[in-house]
Structure formats: C-alpha cells, structure tokens
Amino acid sequence: MKKLLLMPLCSALLLGQGCFQHREAPYRPVTATNLTQAVELKASVERVVLARQSIGALSPELAQMPKLKELWLRDAQVEGLTILTTLSQLESLDLSFTRKAAFPAEVFALTQLKQLWYVGNQLSSLPGKISDLKNLTYLNLDQNNLKSLPVELFSLTHLRWLRLNDNALTELPADCGKLVHLQRLYLRRNQLTKLPESLKAAALLEDLSLSNNPLSEVPAWIVDLPKLRQLDLDGCTVTKLPADLSKMKNLQVLSLIRCPLTDAERTRIREALPKAHIAF
C-alpha cells in the first residue's frame, strides 16, 4: 500500500512545487523587432532585432532605452553607426553581413560588450583597438579575409569562445597562449600549417577545430590539454597522431575524416582511445 501511495504523491509534487531542483523557465528578454516597436517599449526593451532591414543610420532614440543590452543588425543595410558610442551598456552586438569591410571604430566605445558577431564582412585586418573590448567572452569573425591577427586580440583574457572559420590565416601568434579562459577555438578552412606551442597554456580548452587546414603534423603537446573533449582534424594532411595518447582521458569526439592515415595508425588510435567516438 505504501508503494502505491508514493506515485501519486510524487505526481502531485511535480504538478505543484515539483521534484526538480531547478524549475524556473529560461529568461526571455523584452524584445522589439523593429524601431517603432522599440520606441514604444523604450523603458523596458532589452533586445532590439533589426536583422535584414534597411534602416539607414541608427536612430538616436536607441540611446533613450536604458535597459537595452542586445542589438542585432545581421544582414541589415546600415549606413551610420555613430549612435553606438552612446550605448555604453550594450553587451551583445551582431554586425554580421552588414557589408562593412573596415571594422567600425564606434564599436570600440562599447567597453561592456560581452558578445560580438562580425561574420561575412570581407574584413582584411582587425584593428589593435580590439583590446579595448576587455569584457568580451564571445567573438565570431567567421567568413572574412583575415590573413593575420593583431597581438592585441590576445589581451582579451575573458574570451571563452573564439571563431575564426573561413579566413586566410597562415599562422597564430605566440600570444594566443594568453587566452587562459578559452574553451572553444574554431579555425576551420584557413591556411594553417602548424600550431604555436604557447597554445598549450590554454588549459581550459575543450573544443578545437582545425578541419581543412594544410596541417601535416599534430604537435605532441596537444595531449597535455587536460579539458580537451573534441578535436576536429577533418581534411588535414596528418598521417599520424602523437605517440602517447593516454593523457587524452576527456576526449569524447575525434574527427580524422579524409586524413591519410594508414590502417595500422587507425588501429593504434582506436586502441589508445577506447572511450572516444572516432570518425575516419
């Protein structure tokens, strides 16, 4: 009888206060999807989404929105960004596909910025003043024309996620090891032939994607990254991995698709990493 009573009791708890420790719904910021709506909600609006809209110069009315934290302008036709310099509270900004090959100087005034998207703008150089954005935790520079990176980028020690896919990078500066809080680094489809040894200082690195680079050698120190759980070498020209793979205890996913490995090397890797999902 006692067992029969337990089920309806737990059901009642689930429907009432619940049997779970965390029951709150995800926070949903007050969002406006056009400027008119944003003005109507200006006292409370937190996110303004103007993606794929033709808006000319950004309206000065944005400065009258005290709770505005996120501004999304992806694929928008934006002529003037001067108003950005007054949005000191902004934490998230998306300027992807806005057809601006030169990085807008106005962005450097946003010292509270935590997330920045600048995808698909044919950017050929990143100004050293990127170091002004000291609170950045996420930076996405995918699909540009970057051939090199300024050393100032690596003073952003709060960065946890850095995306540089689809650029023209031939090397990473030795300073990249200064990103001690970096957890995810994406470098797909660049021109990298090697990795700087200083990167091993990024001890929190979990995801490292190097697919489709002319990388022929995987450095021995990569096995010393204690948190590494995903390593993507798809399409690289590597013929073997480091001799001792026993330290890669946290590795969950290893992609070696289209790598010119011998059958013997594949067997060795499988035996050395029995808990990882390996794709050849």
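A search of the whole structure, which is a predicted model, finds 16 salt bridges. Twelve strands form an open sheet with parallel pairing. Two residues that are not glycines, glutamine 143 and asparagine 212, have a positive phi.

**Salt bridge between glutamate 91 and lysine 69**

- Side chains of opposite charge can pair when their charged atoms come close.
- Glutamate 91 and lysine 69 meet through their side chains in a salt bridge, with an N to O distance of 3.9 Å.
- Glutamate 91 lies in the loop between β5 (77-80) and β6 (92-94), and lysine 69 lies in the loop between β3 (54-57) and β4 (70-72), so this pair ties together parts that are 22 residues apart in sequence.
- Glutamate 91 has a relative accessibility of 27% and counts as partly exposed.
- Lysine 69, at 30% relative accessibility, also counts as partly exposed.

**Salt bridge between arginine 184 and aspartate 207**

- The side chains of arginine 184 and aspartate 207 form a salt bridge at 3.6 Å, N to O.
- Arginine 184 belongs to strand β10 (residues 184-186) and aspartate 207 to strand β11, so the salt bridge ties together parts that are 23 residues apart in sequence.
- Arginine 184 is partly exposed, with a relative accessible area of 24%.
- Aspartate 207 has a relative accessibility of 4%, so aspartate 207 counts as buried, the cut-off for buried being under 20%.

**Salt bridge between lysine 247 and aspartate 224**

- In the salt bridge of lysine 247 with aspartate 224, the closest N and O atoms are 3.0 Å apart.
- This pair links distant parts of the chain, 23 residues apart: lysine 247 is in the loop between β12 and β13, and aspartate 224 is in the loop between β11 and β12.
- Lysine 247 counts as partly exposed at 48% relative accessibility.
- Aspartate 224 counts as partly exposed at 39% relative accessibility.

**A salt-bridge network**

- Arg184, Glu206, Asp207 and Arg229 are joined into one network by salt bridges that share partners.
- Two members of this network, Arg184 and Asp207, are the pair that meets at 3.6 Å.

**The sheet**

- Strands of a sheet pair through backbone hydrogen bonds, either parallel or antiparallel.
- Here the pairing is parallel, and the order of the twelve strands is β1-β2-β4-β6-β7-β8-β9-β10-β11-β12-β13-β14.
- β1 (31-32) and β14 (277-279) stand at the edges with a single partner strand each, so one side of each has no neighbour in the sheet.
- Strand β12 runs parallel to strand β13 (residues 253-255), and three bridges join them.
- Leucine 231 has leucine 254 in β13 as its bridge partner.

**Residues with positive phi**

- Glutamine 143 is not a glycine, yet its phi is positive, at about 60°.
- Glutamine 143 sits in the loop between β8 (138-140) and β9 (161-163).
- The relative accessible area of glutamine 143 is 38%, so glutamine 143 is partly exposed.
- Asparagine 212, which is not a glycine, has a positive phi of about 60°.
- Asparagine 212 is located in the loop between β11 (207-209) and β12 (230-232).
- With a relative accessible area of 27%, asparagine 212 is partly exposed.

Terms used: Residues are numbered from 1 along each chain as its sequence is written. This is a predicted model: local features need pLDDT of at least 70, side-chain atom pairs count only at pLDDT 80 or more; totals for chains, interfaces and linings use all residues. Side-chain values use heavy atoms; hydrogens and water are left out. Helices (H or I, at least four residues) and strands (E, at least two) are DSSP runs, numbered from the N terminus. Buried means under 20% relative accessible area, exposed over 50%, partly exposed in between (1.4 Å probe, protein chains only). Two strands pair if DSSP finds at least two bridges between them. A salt bridge is a side-chain nitrogen of Lys or Arg within 4 Å of a carboxyl oxygen of Asp or Glu.
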